[in-house]
Amino acid sequence: MKSSNMINQLNEILRHEWTGLAQYAQASFVVSGLWREVYTQMFWGSTQECLVHAQQIGEKIVALGGVPTVERNAIKQSNEITEMLEFSLDFESVAVSHYVR
């Protein structure tokens, strides 16, 4: 694979990680109800994981001579915990497909 193709794919992953960072942070802010404390910590932990992944991918892009993107995709938002968890599952499924590719 040419380095330009690799950089493009890595930037796609980075865009996805930026999206996850914002989406998980937002969920950690708005989650409410009896299990708020548990889900807030879970979503915030996922936010931090996205940041670590973004850093790793950004460094790989630079090492290949590229410029890391600052763009992100659309964020899925909800105030309902069931939807938030579904959005999280969708996000992680897409992340797996990006990393496998």
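Colleague: Which residues of α2 meet residues of α3?

Modeller: Y39, M42, F43, C50, H53 and I57 in α2 meet I81, M84, L85, S88, F91 and Y99 in α3. Contact here means heavy atoms within 4.5 Å. By class, 10 of these residues are nonpolar, two are polar and none is charged. The classes are fixed: Ala, Val, Leu, Ile, Met, Phe, Trp, Tyr, Cys and Pro are nonpolar, Asp, Glu, Lys and Arg are charged, and the others, Gly among them, are polar. One caution: this is a predicted model, where local features need pLDDT of at least 70, side-chain atom pairs count only at pLDDT 80 or more, and totals for chains, interfaces and linings use all residues. Residues are numbered from 1 along each chain as its sequence is written, and side-chain values use heavy atoms, with hydrogens and water left out.

Colleague: What makes α2 a helix, and where does α2 run?

Modeller: Helices are DSSP runs of H or I with at least four residues, and strands are runs of E with at least two, numbered from the N terminus. α2 covers 36–63.

Colleague: What makes α2 roughly parallel to α3?

Modeller: The two pack at about 20°, with axes 13 Å apart. Angles run from 0 to 180 degrees between N-to-C directions, and the axes are lines fitted to C-alpha atoms, for helices over the stretch in contact. Under 35 degrees is roughly parallel, over 145 roughly antiparallel, 65 to 115 roughly perpendicular and the rest oblique. So α2 is roughly parallel to α3.

Colleague: And how is α1 set against α3?

Modeller: α1 and α3 pack at about 165°, with their axes 11 Å apart. That makes α1 roughly antiparallel to α3. The contact of α1 with α3 holds 10 nonpolar, six polar and three charged residues. Among those on the α1 side are E12, H16, T19 and Y24, and the α3 side includes F87, F91 and H98.

Colleague: What is the handedness of these crossings?

Modeller: α2 passes α3 in a left-handed crossing. α1 also passes α3 in a left-handed crossing. Left-handed means that the near helix is turned anticlockwise from the far one by less than a right angle; clockwise is right-handed.

Colleague: How do you know that E12 and R101 form a salt bridge?

Modeller: Their closest N and O atoms are 3.0 Å apart. The rule asks for a side-chain nitrogen of Lys or Arg within 4 Å of a carboxyl oxygen of Asp or Glu, so the pair qualifies. E12 lies in α1 (residues 3–30) and R101 in the segment after α3 (81–100), so the pair ties together parts 89 residues apart in sequence.

Colleague: Which other pair counts?

Modeller: D90 and K76, with closest N and O atoms 3.6 Å apart. D90 is in α3 and K76 in the loop between α2 and α3, so this pair ties together parts 14 residues apart in sequence. The search of the whole structure finds two salt bridges.

Colleague: Is R101 buried or exposed?

Modeller: R101 has 52% relative accessibility and counts as exposed. Buried is under 20% relative accessible area, exposed over 50%, partly exposed in between (1.4 Å probe, protein chains only). E12, at 28%, is partly exposed. D90, at 38%, is partly exposed, and K76, at 40%, is too.

Colleague: What does N73 contact beyond its sequence neighbours?

Modeller: Leaving aside neighbours within four places in sequence, N73 contacts R15, H16 and T19. N73 sits in the loop between α2 and α3. N73 is partly exposed, at 34%.
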